[in-house]
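Q: Please take a close look at one part of this protein with me: its pockets and what lines them. I'm new to this, so go slowly.

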Amino acid sequence: MTAETISELLAGCDREGKTVSIAAGGTLCGMGLSAARTDETLSTLALDGIVEDAPSDLTIAVQSGVTLRALSHTLAPHGTHVPFDAPRAAEATVGGTLAAGWLGPRRHVYGRARDFLIGTTVVLADGTIARAGGMVVKNVSGYDMSRLYVGSFGTLCILVQANLKTIVLPPHARVFLARLLEGTRERAVAQMQMLAVAPSAAFWVRGYRGAIDGDDGAEGRMVILLEGSAELLERSTRDLRSALGRAGVPETRVIDAGAREAFERTVDAYVACVGERSITYRLRMPAEGAQRALDGLESLAARFELRVDAIIDAMNGDTVARISDLDAHALAAKIEMFDDALHDEQPAAMVIAGNHPARSRLQVWGELPPAFEQMRALKQRFDPNRTLNPGRFVGGI
């Protein structure tokens, strides 16, 4: 598959009034609305080539169907990486991750996925092949145009190629698992935010048994990732142990071999479903308000006799809550009422995962963003015939 073959297909569909849905790895298909029934489905998985690898320039160009795992394996021999931190890296594609605007838990250190995008090749709805940016980090011509596509859920164009800047991969990684005793949760989370050298990631977790490493104490557990040189890692380890000790945490388990895999399992859990009997929400807010928001959500879930597994990103403030029941039928009887009640308290709550049929009836995007009218105007300008992923994005765009 090439940009030219995609161009020919889209041009024909656009002329004939046919609609096209775009499919990739499907790892983030639980985000947003399901696309309306379309005439054609175009998979980008065949776009799986490395176009240009320029390690001396700290850049790489890949086709959009390249998986995050394949990208990591290509860059690892150069000692570099692109920290997208999206779930299920073996299936997740570069294009799908960018289209979904995924926010990784290491963005407080490295930045967002869109910050690594320096150039694109896309096919617009009418078949036009458009290029922006380039392969030089300082070349900002068309840079903002590339960023426009990030988070648009394939409603503006089909991403064919992404040019990315790369950064040095920290040589060492270490994960800490800490069971939290009663009365230690708030102090442990606060201590993570006060460390002189911020952890690459720090999560408070309750539940997700078997999906995320470690076992809960009375107030859940912490999963903390440190990265850096051997010297920095040892200094950060001492600081972290002291910080947890001040919070009243008596002991920690350390993972050196397999630390990055343990971190990936935590990220994978963001979208891990319990068959068809769970729906997962994501709330974004300042880190200091995350625990209070989760407490409110858990109280609400208790009213409906629903189970909650939870992750709080202690560095960025994201709160992930997987709501589940004994079976799909029991969840169906409650989830729409719960969803309404949740959005009364947290209007911006978004659904990020769920295989239950009721998901399509939920407020999956939460309240409309302030820029909604501008977003709708962009869709009209880029795709006036609503050819691409119709109804997939915010407000049915």
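A: Let's start with the words we need for sorting residues. Ala, Val, Leu, Ile, Met, Phe, Trp, Tyr, Cys and Pro count as nonpolar, Asp, Glu, Lys and Arg as charged, and the rest, Gly among them, as polar. Keep in mind, too, that this is a predicted model.

How do you find a pocket at all? Rolling a probe the size of a water molecule over the atoms shows where empty space is left.

Let's use the sorting on the second largest pocket, which has a volume of about 650 Å³. Its lining takes in 37 residues, and I22, A24, G96, A99 and N389 lie nearest its centre. Sorted by class, that lining splits into 18 nonpolar, 17 polar and two charged residues. So who supplies them? At least two lining residues come from each of β1 (20–23), α3 (94–99), β6 (117–124), α5 and β8 (157–165). Helix α3 has the largest share, with five residues.

Now hop over to the largest pocket, with a volume of about 970 Å³. Here 32 residues make up the lining, and the closest to the centre are G151, R284, M350, W365 and F393. The class count for this lining is 21 nonpolar, four polar and seven charged residues. At least two residues each are supplied by α5 (143–149), β14 (278–283), β17 and α12 (372–382). Helix α12 gives the most, with three residues. Did you spot α5? That helix supplies at least two lining residues to the largest pocket and at least two to the second largest pocket.

Two of those suppliers, β14 and β17, also lead us into a sheet. It is an open sheet of eight strands with antiparallel pairing, and its order runs β13-β10-β12-β11-β15-β16-β14-β17. Strands β13 (253–255) and β17 (350–354) each have a single partner strand, so each of these edge strands has one side left without a neighbour in the sheet. From one strand to the next, the twist averages 20°. Helix α8 (residues 259–269) packs on this sheet, where it touches β10 (172–179), β11, β12, β13 and β15 (307–313). The direction of α8 makes about 60° with that of β10.

Want to trace one pairing yourself? Go to β11 (residues 201–206) and β12 (residues 221–228), which pair in the antiparallel sense over five bridges. Find W204, then look across to its bridge partner in β12, M222.

Note on methods
Residues numbered from 1 in each chain as written. Predicted model: local features only at pLDDT ≥ 70, side-chain atom pairs only at ≥ 80, totals over all residues. Heavy atoms only, no water. Pairing = 2+ DSSP bridges. Helix = DSSP H or I, 4+ residues; strand = E, 2+ residues; numbered from the N terminus. Axes fitted to C-alpha atoms, helices over the stretch in contact; angles between N-to-C directions. Contact = heavy atoms within 4.5 Å. 1 Å grid on protein atoms, 1.4 Å probe; cavity = no way out; pocket = protein on both sides within 12 Å on 5 of 7 lines; lining within 4 Å. Points joined across faces, edges and corners; volume = space filled by probe spheres on them.
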